[in-house]
Amino acid sequence: MTSTTSETRAAGEVARQDAHIADILTRIEGVLDRRGQPVVLHEPLFRGHEWDYLKTCIDTGWVSYAGSYVGKFEQALAEASGVRHAIAVANGTVALQIALSLAGVERGDEVIIPDLTFVASANAVSHCGAIPHLADSEEATLGLDPRKLDLHLREIAEVRGGVCINKRTGRRIAAVMPMHTFGHPVDLDGLIEVAGRWRLVIVEDAAESIGSLYKGRPVGGYGLLAGLSFNGNKIVTTGGGGAILTNDDALAKRAKHLTTTAKLPHRWEFVHDEVGYNFRLPNVNAALGLAQMEQLPGFIAAKRGLAARYQAAFAGCNAAEVFRDQEHVESNYWLVNIILRPGLEGLRDALLSATNDAGIMTRPVWRLMHRLPMYEQCPRMDVSAAESLEARIISLPSSVKHGLAS
Ligand SMILES: *Cc1c(COP(=O)(O)O)cnc(C)c1O
C-alpha cells in the first residue's frame with residue numbers, strides 16, 4: 001500500500017467519524033430544545049413540598065437524627081419498593097455495606113458483583129472485609145449475566161456442605177450483588193436460579209433503580225436485602241442519603257439497631273450493646289426525601305417519556321442506538337444511554353469531546369472495576385461483554401425537566 005492510499009483512507013475515516021458525530025449531535029439537540037443553554041447530565045427537581053417540609057424542620061428545631069420525617073420517608077420507600085421495611089441511612093454505600101454484612105458476608109469472603117458498576121458496589125464489599133469477585137454483564141440488560149456466571153462457577157467453584165467455595169482461592173463465595181444499571185433491572189429470574197444452585201445470598205444494589213419494575217414488581221424486593229441511594233444525581237435525592245430494604249422483620253430490626261449506634265431504648269440511659277455505626281439519616285434530609293418520593297411516579301413517567309423521545313430521535317442512526325428496556329421490565333430510565341455500534345469504539349472519546357464542547361454534558365460509563373488500582377487483583381471471569389460495553393456506552397442528559405418539557 002502506498003502512503004497516498006493510506007493517507008486517503010485515514011482522511012476518509014476522519015470524515016466518516018465527523019459525519020457520525022454531527023449526526024448524533026443533531027439528534028441529541030432535537031430532543032433537548034435547550035436554546036443555546038448548557039445542559040448537565042442530571043439535575044434534581046424540587047417542585048413539591050420540599051420548602052414546606054424543610055421549613056417545618058427548621059421552625060420546630062427537628063433538624064438532626066430525631067424527628068418525624070425519617071419514619072415517614074422510610075414508609076414511602078417501603079411502599080414504593082413493595083417491601084415490608086426500609087431503613088434510611090447516611091448514603092447508598094453504607095446501605096450496601098450493612099446489607100451485605102446482614103446477609104452474612106464476613107471478612108475474607110468473596111462477593112460476586114458486576115465488573116461494570118459504580119465503584120461504591122466494590123467499596124461496600126471491601127468495607128465488609130470481603131473481596132469483590134468480578135462478573136461479566138450482558139448487553140440486553142447492561143447487568144450481570146446469570147448464564148455466564150453459572151458457567152464460570154461450574155469451572156471454579158463447588159458447593160461443600162451447603163457453602164459455595166472458590167476452589168482457586170479457597171475462600172467462601174458468600175453472596176452475589178447484582179446492580180440494576182441506569183435503572184434497568186437485571187435478569188432476576190435467571191439470577192435467582194443461579195444463586196439458588198450455588199447457595200449465594202442475593203443483595204441488590206438498587207442505588208439507581210428505585211421504582212423500576214421487573215415483571216410488574218419493583219426491584220429492591222427480590223433479594224434478601226437491597227440498598228438504595230439518594231445522592232444528588234439520583235432520580236430521588238435527599239442531598240445525600242441511602243436506605244436498606246428488606247422483607248425480613250428480624251434483619252430490618254438489626255439494620256436499624258446497627259446503623260443507629262446500637263443503642264438500647266431507654267428514657268435516659270446510654271446503653272449500647274455492640275459496636276454500632278452512626279449511619280443515621282438526618283431529619284432535614286428525610287424531609288427532602290419525603291417530598292421527592294411524593295413526586296416519584298411523575299419523575300418516572302417523565303424519564304420514560306424522555307427515553308422514548310431519544311429513542312425516536314435515534315431511529316435510523318447508523319452509528320448508535322439508544323438503550324431500550326426489555327418487554328418484561330419497566331425501567332425508571334435514571335440515565336438514558338446511547339450504545340455505539342460494534343466497530344465504532346473509536347468514536348467514543350471524540351463524541352464525548354464534541355458533545356461536552358457544545359455544552360451538552362455526556363459521560364462514559366464507569367471504568368471497569370478490574371481496571372482500578374485497588375481492584376485489579378480481584379478474582380474475575382472473562383469480562384469481554386463488559387469491556388465491549390465500556391467502550392461503547394455514553395450517557396446523555398437525562399434530567400426529569402427535559403422529560404416534562406415535551
Ligand atoms: C450511587 C450509587 C451507589 C452509592 O451511593 P452513594 O449514596 O453515593 O454512597 C452505589 N451503587 C451504585 C450503582 C450507585 O450508582
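Mentor: Ala, Val, Leu, Ile, Met, Phe, Trp, Tyr, Cys and Pro count as nonpolar, Asp, Glu, Lys and Arg as charged, and the others as polar. The model here is predicted. In the lining of its largest cavity, these classes give four nonpolar, three polar and one charged residue.

Trainee: What makes up the four nonpolar, three polar and one charged in that lining?

Mentor: The lining holds Ala140, Pro185, Phe323 and Val329, which count as nonpolar. Asp325 is charged, while Thr141, His184 and Gln326 fall among the others and are therefore polar.

Trainee: Why is this space called a cavity, and how many of 30 Å³ or more are found?

Mentor: A cavity is a set of points where a 1.4 Å probe fits but cannot get out. The search of the whole structure finds one of 30 Å³ or more, and the largest holds about 30 Å³.

Trainee: Where does the ligand sit, and how do you know?

Mentor: The ligand takes up the largest pocket. A molecule sits in a pocket if more than half of its atoms lie within 2 Å of the grid points, so the ligand meets that condition. The volume of this pocket is about 490 Å³. Among its 28 lining residues, Phe118, Asn233, Lys234, Trp334 and Trp366 are closest to the centre. Two or more lining residues come from each of α4, α5 and β15 (363-364), and α4 gives the most, three. By class, the lining has 13 nonpolar, 11 polar and four charged residues.

Trainee: What makes the pair formed by Thr93 and the ligand a polar contact?

Mentor: The cut-off is 3.5 Å between N or O atoms. A polar side-chain atom of Thr93 is 2.5 Å from a ligand oxygen, so the pair is within the limit. For Ser229, the distance from a polar side-chain atom to an oxygen of the ligand is 2.7 Å. An N or O atom in the side chain of Asp205 lies 2.9 Å from a ligand nitrogen. Those two pairs therefore qualify as well.

Trainee: How much of the ligand's own accessible area does the protein cover?

Mentor: The ligand on its own has 380 Å² of accessible area, and the protein covers 92% of it.

Trainee: Which residues of the shell are closest to the ligand, and which element gives the most?

Mentor: The shell has 15 residues, the closest being Gly92, Thr93, Glu208, Ser229 and Lys234. Helix α4 gives the most, with three. The shell divides into five nonpolar, seven polar and three charged residues.

Key:
Residues are numbered from 1 along each chain as its sequence is written. This is a predicted model: local features need pLDDT of at least 70, side-chain atom pairs count only at pLDDT 80 or more; totals for chains, interfaces and linings use all residues. Side-chain values use heavy atoms; hydrogens and water are left out. A residue is near a molecule or strand if one of its heavy atoms lies within 4 Å of it. A polar contact is a pair of N or O atoms within 3.5 Å; within protein, one must be able to donate a hydrogen and the other to accept it, and residues adjacent in sequence count only if both atoms are side-chain atoms. Accessible areas come from the Shrake-Rupley method with a 1.4 Å probe; for residues, only the protein chains shown count as cover. On a 1 Å grid over the protein atoms alone, a cavity is a set of points where a 1.4 Å probe fits but cannot get out, and a pocket is an open set with protein on both sides within 12 Å along at least five of seven lines; lining residues have an atom within 4 Å of a point. Helices (H or I, at least four residues) and strands (E, at least two) are DSSP runs, numbered from the N terminus. Grid points are joined across faces, edges and corners, and a volume is the space filled by probe spheres set on the points.
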